[in-house]
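Student: I'm new to this structure and a bit lost. Please pick out the part where the nonpolar residues gather, and take me through it and its surroundings slowly.

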Amino acid sequence: MKDDIPKFRKWPIWTDEDVEAVADVVRTGQWWCGAPESHAGEQVWKFQEEFAKFQEVKHAFACTNGTHAIEIALMALGIGIGDEVIVSDWTFLASGSAVISVNAVPIFCDINPETFLMDPVILESLITERTKAIICVHLGGMPCEMDLIMEIARKFNLKVIEDCAHAHGSKYKGKMVGTWGDCGTFSFQASKVITAGEGGAIVCNDEVLAKKIYSVLDSGRLPGKWFYDHFSYGSDFRLGEMNAALLRVQLKRYPQQLKLRNNNALYMNEKLSEIPGVHPQKRDNDVNSCAQYVYPVYFDPDFFGGIGYKKMYEELEKAQIPADACYPPLHSLDLFKDINLMPNVDYNNANWGGEKSNPEKFKNIEKIHANAFELDHRIFLSDKKALDYVVETIKKIKKKYNI
Ligand SMILES: Cc1ncc(COP(=O)(O)O)c(C=O)c1O
């Protein structure tokens, strides 16, 4: 049996080039980016230019991590105490906790049961007088229906932050994610498709917003001004030079990996869709490219003897397939059972907390999450033999339980 198990790609992928890039920074002694005019270091500034070019956007700002990237975006957009921000319910904690960190109130939006992404119709139904912004999440790298989301945002005068932590280089209707809304945020944490262990970025096209992001990220400074002049409130969210040097090498390699992941995911879609009761995340025809950080799959319990995600995960693990259970819905986390998280913030409108965290209100995600698993992106960097092994294993699991 052991011999049948294909070799899945290891992650992260690195070569001597990555090692040398970091070692070069160590040797120069310029370990932080400083301001561009002081020439303290150049890796962060160059990475920002290169990432902006890759994401087809005017400005990119590197920062400490993807959680801070969302927090910086919220601060730069002026979201603050008591403002409501509508967030997709199926995401990593950070998309919701960032809202708490600026003393605003996250409102969780149920998903479309086919795309697993924020449902625009449900989104519109959650808007109140206090709503100021939307955080949509391109889960697994799959772009949200950005044209519809932007239409709603314009109608109600709302800011839009695209959480692109999974979606480097994903494209919808010919336009990169992160460039539809006011800004896009990225993560370069260890498991992400471009990584330096930790790191993040914010991208935007608007000049005024770009200046604000620069200031929030770098202690209220402004480009070209004296180092000890601080013009507004900001903190230190700067990325270090070693991380940026590593990211530059990872980014150079990325377009080829993106293509491979994308093509292999299309092959997997085709194969899995042939199995009755198996439903991979729906990919709209308007999706030009998908980063496929994870590949979420819903399996209908009627075809799998009623087993839930835990049993399925156990079976995939036994077969040594790089897979995982999916994120628990945000509304179900213990954190959001407490309705008084921050002092002096009015959480009365929150659609979570105590009785309000009732699963009945989040029907789609409750149903999908109970019977979903996600395949790791390493599978999509592997060869066809590895992809076929995953498909055959899922068929075997179905046969085992579909009595
Ligand atoms: C959707 C999403 N947003 C934000 C983040 C936060 O990124 P980081 O771990 O770099 O803080 C993550 C990380 O897993 C994520 O998956």
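**A look at the core**

Tutor: Let's start with the largest nonpolar core: it has 101 residues, and the ones touching the most other members are Phe51, Leu74, Val85, Trp90, Met146 and Ile213. Both domain 1 (16–251) and domain 2 (254–341 + 348–401) give residues to this core, so it lies between them. Another core, of 30 residues, lies apart from it, with Tyr267, Met268, Ile275 and Phe299 among its members.

Some ground rules before we go on. This is a predicted model, in which local features need pLDDT of at least 70 and side-chain atom pairs count only at pLDDT 80 or more, while totals for chains, interfaces and linings use all residues. Residues are numbered from 1 along each chain as its sequence is written, and side-chain values use heavy atoms, with hydrogens and water left out.

A nonpolar core here is a set of buried Ala, Val, Leu, Ile, Met, Phe, Trp, Tyr and Cys residues joined through side-chain atoms within 4.5 Å. Buried means under 20% relative accessible area, exposed means over 50%, and partly exposed is in between (1.4 Å probe, protein chains only). The domain bounds come from an automatic or database domain assignment. As a broad background point, nonpolar side chains in soluble globular proteins tend to be buried together.

Now zoom in on tryptophan 90. Leaving out residues up to four places away in sequence, tryptophan 90 touches Ile111, Phe116, Leu139, Cys326, Tyr327, Ile365, Ile368, His369 and Ala372; contact means heavy atoms within 4.5 Å.

Valine 85 takes us to the sheet, since its bridge partner in strand 3 is proline 106. Strand 2 (residues 84–88) and strand 3 run parallel, joined by 5 bridges. Strands (E, at least two residues) and helices (H or I, at least four) are DSSP runs numbered from the N terminus, and two strands pair if DSSP finds at least two bridges between them. The open sheet has 7 strands with mixed pairing, in the order 1-9-8-5-4-2-3. Strand 1 (59–63) and strand 3 (105–109) are its edges, each pairing on one side only.

Next, the helices. Helix 2 (residues 43–54) lies across strand 1, strand 8 (183–187) and strand 9 (200–204), at about 135° to strand 1. That angle is between N-to-C directions, on a scale from 0 to 180 degrees, using lines fitted to C-alpha atoms, for helices over the stretch in contact. Helix 2 also turns up beside helix 1 (residues 16–28): together with helix 8 (241–273), helix 2 is part of what covers the buried residues of helix 1. Those buried residues are Asp18, Ala21, Ala23 and Val25. Right after helix 1 comes glycine 29, with a positive phi near 80°.

Helix 8 brings us back to the other core, as tyrosine 267 is found in this helix. Is tyrosine 267 buried or exposed? Tyrosine 267 counts as buried because its relative accessible area is 18%. Not counting residues up to four places away in sequence, tyrosine 267 touches Lys384, Leu387 and Asp388. Tyrosine 267 and phenylalanine 380 are 113 residues apart in sequence, and 9.7 Å apart in space from C-alpha to C-alpha.

For contrast, try asparagine 157, in the loop between helix 6 (146–156) and strand 5 (159–163). Asparagine 157 counts as exposed, at 70% relative accessibility.

Methods. Expected span 1.5 Å × (residues − 1).
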